Amino acid sequence: MQGAILVLSGPSGAGKSTIINHASDEIGEYYFSISTTTRKPREGERDGVEYYFVTHEEFEEGIKAGEFLEYATVHGNYYGTSLKPVKEALEEGKLVIFDIDVQGHRLVRAKMGDYVTSAFITPPTLSELKRRLYARATDDSSIIERRIANAKEEIKAVVEFDFVIINDDIEKASKEFATIANAARLKQSHQELENFVKIWDN
Ligand code: ADP
Ligand code: 5GP
């Protein structure tokens, strides 16, 4: 496989989707891994665009069938990354971008570490995260409070990532993200390096 994986994690409301959209013109061709979830769609979300929305039973069928590269329970719902489209995109040499939680990052790194570059995205403070989640107004306050409580745990995983983007100013954060995405493309797998050494040594 020739491609590369860029894992983005960070609290819900950190600005991951905003940054990917904002920087999309600067990072060349990429494949965004569309996750599967049992969470209900928010207003305006479409099946097969933001997520594949499935029932609890359908998700568990997927687990049994071994469809997921990784999956986790996040904020009380299942979320998972399907293996097949990711493999295909990597075989085509693409940069594959994942927006997954810190548990997913650990699992992907354990399985495919050779391909992985990772970045943790966070607002400058917890109070700014709160403000953004309430301003986004896509979730009930009980759901928002649960996400804020989880964010206090998620931030502890920041040390596990290659890069951290503090999303204060969106222009600056998007530029940093584009730099990281372009560096991720250049990361060589060990296999590729071993092949290179064989040719170089001829
Ligand atoms: P995530 O995908 O990480 O859950 P979103 O991209 O949906 O987060 O961003 C959460 C909210 O914060 C959105 O309403 C978005 O417009 C807003 N936002 C994102 N980046 C910034 C920023 N740098 N300054 C202010 N608001 C921002
Ligand atoms: P949201 O419900 O706000 O779209 O996402 C909630 C959290 O689930 C975010 O932290 C997001 O990164 C994470 N997430 C989304 N898809 C996946 C996935 O496929 N696997 C894992 N482990 N986490 C995911």
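This passage describes how two ligands sit in a predicted model, and then turns to single residues. Local features need pLDDT of at least 70 and side-chain atom pairs count only at pLDDT 80 or more, while totals for chains, interfaces and linings use all residues. Residues are numbered from 1 along each chain as its sequence is written, chains are lettered from A and ligands numbered from 1 in the order in which they are written, and side-chain values use heavy atoms, with hydrogens and water left out.

Ligand 1 is surrounded by 13 residues. A residue is near a molecule or strand if one of its heavy atoms lies within 4 Å of it. The closest are G13, S17, T18, R136 and N167. By class, the shell holds three nonpolar, six polar and four charged residues. Here Ala, Val, Leu, Ile, Met, Phe, Trp, Tyr, Cys and Pro count as nonpolar, Asp, Glu, Lys and Arg as charged, and the others, Gly among them, as polar. Two helices, α1 (16–23) and α5 (126–136), each supply at least two residues of this shell. The most come from α1, with three. Helices (H or I, at least four residues) and strands (E, at least two) are DSSP runs, numbered from the N terminus.

Polar contacts tie ligand 1 to the protein. Such a contact is a pair of N or O atoms within 3.5 Å; within protein, one must be able to donate a hydrogen and the other to accept it, and residues adjacent in sequence count only if both atoms are side-chain atoms. The side chain of R136 places a polar atom 2.8 Å from an oxygen atom of ligand 1. A polar backbone atom of A14 is 3.3 Å from an oxygen atom of the ligand. The side chain of N167 has an N or O atom 2.8 Å from a nitrogen atom of ligand 1. On its own, ligand 1 has 570 Å² of accessible area, and the protein covers 75% of this. Accessible areas come from the Shrake-Rupley method with a 1.4 Å probe; for residues, only the protein chains shown count as cover.

N167 also contacts the protein itself. Its side chain reaches the backbone oxygen of A14 at 2.9 Å. N167 lies in the loop between β9 (163–166) and α7 (170–186). This residue counts as buried because its relative accessible area is 4%. Buried means under 20% relative accessible area, exposed over 50%, partly exposed in between (1.4 Å probe, protein chains only).

Around ligand 2 there are 19 residues. R39, Y51, Y79, D99 and R147 are the closest. The shell divides into five nonpolar, seven polar and seven charged residues. A side-chain N or O atom of S12 is 3.3 Å from an oxygen atom of ligand 2. G80 brings a backbone N or O atom to 3.1 Å from an oxygen atom of this ligand. For T81, a polar side-chain atom lies 3.3 Å from a ligand 2 oxygen. Ligand 2 taken alone exposes 520 Å², of which the protein buries 96%. Two elements, β5 (68–74) and β6, give two or more residues to the shell.

T81 belongs to strand β6 (residues 77–82). Its relative accessibility is 0%, so T81 is buried. A polar contact of 2.5 Å joins the side chains of T81 and E70.

E50 sits in the loop between β3 (35–37) and β4 (51–53). With 27% relative accessibility, E50 is partly exposed. The C-alpha atoms of E50 and I19 are 15 Å apart, with these positions 31 residues apart along the chain.
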